[in-house]
Amino acid sequence: MITLPLKGGCQCGQLRYEINALPQTLYCCHCTECQAQSASAFGTSLRCDGASVKLSGEAKSFRRDKGRSTEVECLFCPYCGSRVLHRRDSSSVDCSIKGGSLDDKHGMEPVGHIWTRSKQGWVELPDETLQFETQPEDGYVELIAAFSKRYGP
Ligand SMILES: [Zn+2]
Ligand SMILES: [Zn+2]
């Protein structure tokens, strides 16, 4: 059971967001970009409809893969540096909230793991979650269906 709006923000509390619709899915990404971005073992992505996310406070952005088809705008707090959101651009239908930035860090569990090919060896994944060696070919259909089954209305 997810209570809306979901709220969260950066580590210092200056950059905040509210999510006003049920997210599409929550998964962990073990790609080397997410390892570098999180400065940890993996990234956690809460994929949402961009129109349902309301940001407040000051954000700076960094463009990953600039000029390539995989280009992503990455928003972060200019004061504490926490990465909070990834999206294609400001008009994006899909955006990805960094899961660790949620105020309630125990309300949802990831339904899958992607890019397990580059996963850290000590990270053990539960058998019952979806796993993909690289980017899911089906455009997240299975991850979205699994999340909806677990947390949907
Ligand atoms: Zn901050
Ligand atoms: Zn990744």
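**Figure 1. Arg64 and Asp65 share a salt bridge in this predicted model.** We start with two neighbours in the chain numbering, whose side chains meet with N and O atoms 3.8 Å apart. Asp65 counts as buried, because its relative accessibility of 17% falls under the 20% limit. The view belongs to a wider set, as the structure holds seven salt bridges.

**Figure 2. Asp65 also pairs with Arg68.** Here the closest N and O atoms are 3.9 Å apart, which still counts as a salt bridge because the pair lies within 4 Å. Is Arg68 buried or exposed? Arg68 is exposed, since its relative accessible area of 54% is over 50%. So this bridge joins a buried aspartate to an exposed arginine. Taken together with the previous view, Arg64, Asp65 and Arg68 are linked in a network of salt bridges.

**Figure 3. Arg150 and Glu109 form a salt bridge between distant parts of the chain.** The closest N and O atoms of this pair are 3.4 Å apart. Where do the two partners sit? Arg150 belongs to helix H2 (residues 141-151), while Glu109 lies in the loop between strand S9 (94-98) and strand S10 (112-114). The two residues are 41 residues apart along the chain. Arg150 is partly exposed, with a relative accessible area of 46%, and Glu109 is partly exposed with a value of 46%.

**Figure 4. Three cysteines hold the zinc ion (ligand 2).** Which protein atoms act as its donors? They are the SG atoms of Cys29, Cys31 and Cys34, and they lie 2.1 to 2.3 Å from the zinc ion. Along the chain, these donors follow the spacing C-x1-C-x2-C. Cys31 is buried, because its relative accessible area of 13% is under 20%. Cys34 is buried too, with a relative accessible area of 8%. When you look at this site, please bear in mind that it may look incomplete, because water is not among the atoms.

**Figure 5. Residues 6-112 carry a domain annotation in UniProt.** For this span, an unreviewed UniProt entry lists "domain: CENP-V/GFA". How much of the span is helix, and how much is strand? Residues 6-112 are 7% helix and 42% strand. If you trace the span from one end to the other, its end C-alpha atoms lie 20 Å apart.

Key. Residues are numbered from 1 along each chain as its sequence is written. Chains are lettered from A and ligands numbered from 1 in the order in which they are written. This is a predicted model: local features need pLDDT of at least 70, side-chain atom pairs count only at pLDDT 80 or more; totals for chains, interfaces and linings use all residues. Side-chain values use heavy atoms; hydrogens and water are left out. Donors are N, O and S atoms within 2.8 Å of the metal (3.2 Å for Na, K and Ca); water is not among the atoms, so sites may look incomplete. Buried means under 20% relative accessible area, exposed over 50%, partly exposed in between (1.4 Å probe, protein chains only). Helices (H or I, at least four residues) and strands (E, at least two) are DSSP runs, numbered from the N terminus. UniProt positions are given in the numbering used here, feature names are shortened, and annotations may be inferred rather than shown by experiment.
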